[in-house]
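Student: I'm new to this one, so could you take me through it with some questions and answers?
Tutor: Sure, let's put it up and start.

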Amino acid sequence: ISRPIFILKSTEMEDDEGEEEYLFKVVIIGDSAVGKSNLLSRYSRNEFNMNSKATIGVEFQTQSLDIDGKEVKAQIWDTAGQERFRAVTSAYYRGAVGALIVYDISRRTTFDSVGRWLDELNTHSDTTVAMMLVGNKCDLANIRDVSVEEGKSLAEAEGLFFIETSALDSTNVKTAFEIIIREIYNNVSRKVL
Ligand code: GDP
Ligand code: MG
């Protein structure tokens, strides 16, 4: 695998004013039912589904963000159910320069899986990946099974950003995606990609 195909910063991507444009691939990973699809639908369409069906196959949404007056686009990929069969393929990870590793704060087993997801990401990635550990469903504080401190310290130990979110009530969803997209942009600017 050569250089990531989704960092497009080229003349073909220049807009009408001759400004550079950017397109970054970001993947969402984590155990089944932690809220990956709902985080993406909340961010991209401001939608939430109580009974989201896990469709098979990869789906992605493209979102634009203005950073320093530049249009930065993130192509955000959702496993769309493949993770249930531990069948997330290397193609899913290929070219990714950002990742959200999601667990459910009300289900400890999903937190215990984070290490396995990180291993998989590291195995398949061929470049610097900006990574954020996301403790989703923070609206379920009354049945919390993983403390904020545990999330933070795992993130610190692994060198990840950390945030708790709720796709249900929108807490920190936009922030989570935008921190990671900005970090990718900074990585590109610093040429560490
Ligand atoms: P995925 O398998 O990781 O894509 O998870 P989904 O997005 O399909 O969500 C799984 C279930 O968790 C669905 O019933 C969602 O309604 C629910 N869910 C997702 N995010 C949240 C959240 O932030 N809070 C609560 N309470 N439920 C959520
Ligand atoms: Mg899903």
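Student: Which helix gives the most residues to the shell around ligand 1?
Tutor: Keep in mind that this is a predicted model. The shell around ligand 1 holds 19 residues, and among those that come nearest are K36, S37 and N38. The helix that spans residues 36–45 supplies three residues, the biggest share from any element. That helix is α1.

Student: What kinds of residues make up that shell around ligand 1, and how many of them are charged?
Tutor: The shell has seven nonpolar residues and nine polar ones. What remains is the charged group, and the number there is three.

Student: Is α1 largely enclosed or largely open?
Tutor: Take the buried residues of α1 one by one: K36, S37, N38, L39, L40, R42 and Y43. To be buried, a residue needs 20 or more other C-beta atoms within 10 Å of its own. Seven of the ten residues of α1 are buried, so the rest of the structure leaves the helix largely enclosed.

Student: What covers those buried residues of α1?
Tutor: Strands do a good part of it, with β1 (22–29), β2 (59–67), β3 (70–78), β4 (98–104) and β5 (130–136) on the list. The cover also includes a helix at residues 173–189, namely α6.

Student: Which residue follows α1, and what's its phi?
Tutor: Most residues other than glycine have a negative phi. The residue after α1 is N46, in the loop that leads from α1 to β2. N46 isn't a glycine, yet its phi is positive, at about 55 degrees.

Student: Is N46 buried or exposed?
Tutor: A residue is exposed if 12 or fewer other C-beta atoms lie within 10 Å of its own. N46 has 10 such neighbours, so it counts as exposed.

Student: Okay, on to the sheet. Which strands stand at its edges?
Tutor: The sheet is open, has six strands with mixed pairing, and runs in the order β2-β3-β1-β4-β5-β6. Each edge strand has a single partner, so one of its sides has no neighbour in the sheet; the two strands in that position are β2 and β6 (161–164).

Student: How much does the sheet twist from one strand to the next?
Tutor: Go back to the order β2-β3-β1-β4-β5-β6 and step along it. From one strand to the next, the twist averages 25 degrees.

Student: What angle does α4 make with β4?
Tutor: First, β4 itself runs parallel to β5, and seven bridges join the two. One of the pairs there is V102 with V134, its bridge partner in β5. Helix α4 (residues 114–124) packs on the sheet and touches β1, β4 and β5, and its direction makes an angle with that of β4 of about 160 degrees.

Student: What handedness does the unit of β5, α5 and β6 have?
Tutor: β5 and β6 are parallel and are joined by four bridges. Across that pair, M132 stands opposite F161 in β6. Together with α5, the two strands make a β-α-β unit that is right-handed.

Student: And K137, is that one buried or exposed?
Tutor: K137 sits in the loop between β5 and α5 (148–158), and has a positive phi near 70 degrees without being a glycine. Its count is 26 other C-beta atoms within 10 Å, and 20 or more is what it takes, so K137 is buried.

Student: What about A141, buried or exposed?
Tutor: A141 is also placed in the loop between β5 and α5. Its neighbours inside 10 Å number 12, and the cut-off is 12 or fewer, so A141 counts as exposed.

Student: How far apart in space are A141 and E71?
Tutor: In sequence they're separated by 70 residues. From C-alpha to C-alpha, the distance in space is 37 Å.

Student: One last residue: how exposed is K73?
Tutor: K73 lies in strand β3, and the residues it touches include E21, Y22 and T62. It has 17 other C-beta atoms within 10 Å, which falls between the limits of 12 and 20, so K73 is partly exposed.

Conventions: Residues numbered from 1 in each chain as written. Chains lettered and ligands numbered in written order. Predicted model: local features only at pLDDT ≥ 70, side-chain atom pairs only at ≥ 80, totals over all residues. Near = placed C-beta within 6 Å. Nonpolar A, V, L, I, M, F, W, Y, C, P; charged D, E, K, R; others polar. Contact = placed C-beta atoms within 7 Å. Pairing = 2+ DSSP bridges. Axes fitted to C-alpha atoms, helices over the stretch in contact; angles between N-to-C directions. Right-handed = clockwise from strand over helix to strand, strands pointing away. Lists of a residue's contacts leave out its neighbours within four places in sequence.
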